[in-house]
Amino acid sequence: MEELLAEFVAETREMLKASEGEIIAWEADPTDRARLDTIFRFVHTVKGNCGFFDFPRLEKLSHAAEDALAEVRAGRRRPDANMVTAVLSIIDRISEMVDAIENGEELGDDKRDQRLIDALEEGYIPEDEPVTAGPEYSDQKSGQKPENSIAAPRSIRLSVDLLDRVMSGVSDMVLARNDLAHRLREAGTQPAIDGPFERLSTILTDVREAVTRMRMQRLEFLFGAFPRMVRDLSAELGKQVMIDIEGGDVELDREMIEMIRDPMTHIIRNAIDHGIETPADRRESGKHEIGILRIAARQSSNKISIVVNDDGAGLQEDRIADKAVANGLISTSARKNMTRDEILQLVFEPGLSTSETVSAVSGRGVGLDVVRDNIEKIGGSIRVSSTPGEGTQFLLQIPLTLSIISALAVEVADQQFAIPQSYVEEIVHLGAEHIQLTKVGGTTLIDFRGQRTPCLSLGDTLGIEHSAPTIDRSAVLMKLANGNIFAMIVDRIHSISDLVVKPLPPAIMATNCYAGSTLLDNGRPILVLDIALISRTAGFLTESRSMIERTIDSVSDEQDKDEVRAMLFTDFDGHRRAIALGLVQRIETIAADAIERTAVAARAVVDDEILPLAGLPDGPLPDDHVRLLRLSDGSSEVLYAVERVEDSVVLDQELVKTDDDPVLEAVTLVDGVSVGVIDAHTLFAKHGAVPKRVSRLSCSLPDDEWSRRMLAPLLANAGYEIVRDDEEEADVAITLDGQGTSKPRDGKSAVIDLRSTPDSEVSGEEKESSIYRYNRAALLEALRQVRKGEAA
């Protein structure tokens, strides 16, 4: 009997939830006979079930609703807002009683039930004023399935716990399959085993997809509650709002639906409260009195896109910016340089609410930041766009499921971790010539392709020591949902693969570092990093703009306060010097042989540009590499050689003019020590000619996934322009196992062949004529030889 009762509770809830949305839609179009018939069948079924299980109070309520709907079907009662409200109130009451039955509680005051029935019975019309059925009524054929009714496919009801157990078992089978595949690859080709293993893999893939589909639910189960919420909230706020929903048939993992329920609810409440105007305001602005709220869902690949759009007043750019400045989220100078889109994304920052009054709906500054956090936790993203006077649109992109993700395995101190691939933008090797790490104000920056990006060490974040020297480490450039990019330094990069993610104990999740655990192909357990929380904990990505932009803003603010911020360094004579921080674009390290000296001037080649160089010692250079400050006045660039870069400082002491050295503008005290301030005007007057651009060498690659993921970043870091194989002639053509169609430019023999076989397994002519694809040092040396040949 208990099983039957549980079945009754679950089925009644589903039908009541479905009927809610149908009633709201029917209220908007009372002539829709098909929808009315659907609602009537729902209520009739609920009444029958209540009678079967001997719940007379529930049966009485549902019977009253059924009678009212029957009167409408017969044309003896006109449906209006009061009637719809009364029916919805009865549905709410039945839902409460079903919850009480499930929990073994009392059903409550029966006088309330009678009041609801009495309210429903009010409003009958005289018999001499019947409601005439429209064409939709008369054309409805008996037994015809309503166009808008919810389909009822063959199904059985399963326990969620049982479903999770099945999914967990299949996930373990996938991991075991991956481990077996790894061992078979190590053992070599075995035809007797390979065939059956491939068949087993195919079957397992089908089973995994089927079980994953078992976890999926149609989004209509989420969207079904929104029409009622919109109706009630708009009535509470004195507004008229209609909701239009598309894509309810799109399916999403049931856990993901629960994760986005609260964010979606908050966005919709905000749209009605803040976005859509009152009827009077809409009439004044030339709009229809009834506002439209549209929700649409689409599936693209392994992601679901949900758009929530209203036709209200739109977001006020100036108001958001002023509030952000007042709350200290951005500086006044930063606001001047921000685009409208950047300002709009500030609505996701903590504590930013532009509502002038605090209500039960909104205005407390707690909301959209939590929405963004919840979306990011499941690997999704959210952005907002708005047109003044036309409305606002929120775009949510959500992965189909959290159970299986594509991830990049990385290593620190012989420990491996997984980074969800959705965050990964690019991978760079710190030993590349054009990659530099610098520290400014205690924050580590990585200089890459002319951009300075905030950087953190995964080892430092997790409290473990890196096992690889800095020059052998790699940096993973990652992009967050708000558009910010930061780099994470790791010892080594491993493969990208599909991983089955399992939850972690709460104590581990509380560290704000991990999102789950998984197993690699070899069966080794690893932890999945929570990139959003790690970046937020680090402190330099809590705002919508990057740390570099905020540093520049702070420099401008300090200058506005008559304070000068400068880069402090030591020159080759051992003197401490400073130069305005706003001039410093990057900090470079180049080989000494890249510097050319003449009797008149010195120059260096950086990023394929020949730039004037100042600050060199009179004698030979003390090291094989030289540290340079790359300076720019906005129109030209100058390199300044230094022995050591120290830090950025505020020159808050008096600047004393000096004529002792033409390069110095003044001297001042920093921490009680005399420091010479470089005269930037004199420096650029002497060295600041616009440099001549040196063309970059081009390199063609085969059009395959390995070349795009592994080879292209390596070549880009080495200074080559990547062109597609067979697209055009290139200075260098790279082939894989001799397969390639590009020809080197001008017929020169700049062809580099990479092979899949390791050096340990080949010898002789094959080893001499090609390079193993993972032998980075050999490939870089071959590229250097090409450059030397071009220079000659």
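Select Trp706, Tyr772 and Tyr774, which together make up one aromatic cluster in what is a predicted model. With that cluster on screen, add arginine 773, which sits in the loop connecting strand S35 (771-772) to helix H24 (776-791). Beyond the residues within four places of it in sequence, arginine 773 is in contact with Trp706, Leu736, Asp737, Leu754, Arg755 and Ser756, so the selection can be extended to these six side by side with the cluster, since contact is defined as heavy atoms within 4.5 Å.

Stay on arginine 773 and display its side chain. This residue is buried and yet forms no salt bridge, the nearest side chain of opposite charge being that of aspartate 737, 4.3 Å away; a salt bridge would require the nitrogen and the carboxyl oxygen to be within 4 Å. What the side chain of arginine 773 does have is a polar contact of 3.0 Å with the side chain of serine 756.

Next, move to the largest nonpolar core, a set of 47 residues in which Leu219, Met264, Ile268, Ile306 and Leu396 have the most contacts. Colouring helix H11 (residues 254-275) is a useful step here, as eight residues of this core, its largest share, come from that helix. Then centre the view on isoleucine 306, whose contacts, leaving out neighbours within four places in sequence, include Leu219, Ile260, Met264, Phe394 and Leu396. A second core, separate from this one and made up of 39 residues, can be found by selecting Val9, Val46, Ala68 and Val84, which are among its members.

From isoleucine 306, one of its contacts, Phe394, leads to the aromatic pairs, of which the structure holds five. Select phenylalanine 348 together with phenylalanine 394: their ring centres are 6.2 Å apart and their planes stand at 80 degrees, so the pair counts as edge-to-face. The two partners come from distant parts of the chain, 46 residues apart, with phenylalanine 348 in the loop between helix H15 (340-344) and helix H16 (368-377) and phenylalanine 394 in strand S7 (residues 391-399). Both of these phenylalanines are buried.

For the last stop, return to helix H11 and select glycine 275, which is placed in that helix. Glycine 275 has a relative accessible area of 10% and is therefore buried. Draw a distance between its C-alpha atom and that of glycine 312, and the separation is 4.8 Å, although the two residues are 37 residues apart along the chain. Apart from residues up to four places away in sequence, glycine 275 touches Asn270, Asp310, Gly312 and Ala313.

Terms used: Residues are numbered from 1 along each chain as its sequence is written. This is a predicted model: local features need pLDDT of at least 70, side-chain atom pairs count only at pLDDT 80 or more; totals for chains, interfaces and linings use all residues. Side-chain values use heavy atoms; hydrogens and water are left out. Helices (H or I, at least four residues) and strands (E, at least two) are DSSP runs, numbered from the N terminus. Buried means under 20% relative accessible area, exposed over 50%, partly exposed in between (1.4 Å probe, protein chains only). Lys and Arg count as positive and Asp and Glu as negative; His and the chain ends are not counted. A polar contact is a pair of N or O atoms within 3.5 Å; within protein, one must be able to donate a hydrogen and the other to accept it, and residues adjacent in sequence count only if both atoms are side-chain atoms. A nonpolar core is a set of buried Ala, Val, Leu, Ile, Met, Phe, Trp, Tyr and Cys residues joined through side-chain atoms within 4.5 Å. Rings of Phe, Tyr and Trp (its six-membered ring) pair if their centres lie within 6.5 Å; planes under 30 degrees apart count as stacked, over 60 as edge-to-face and the rest as tilted.
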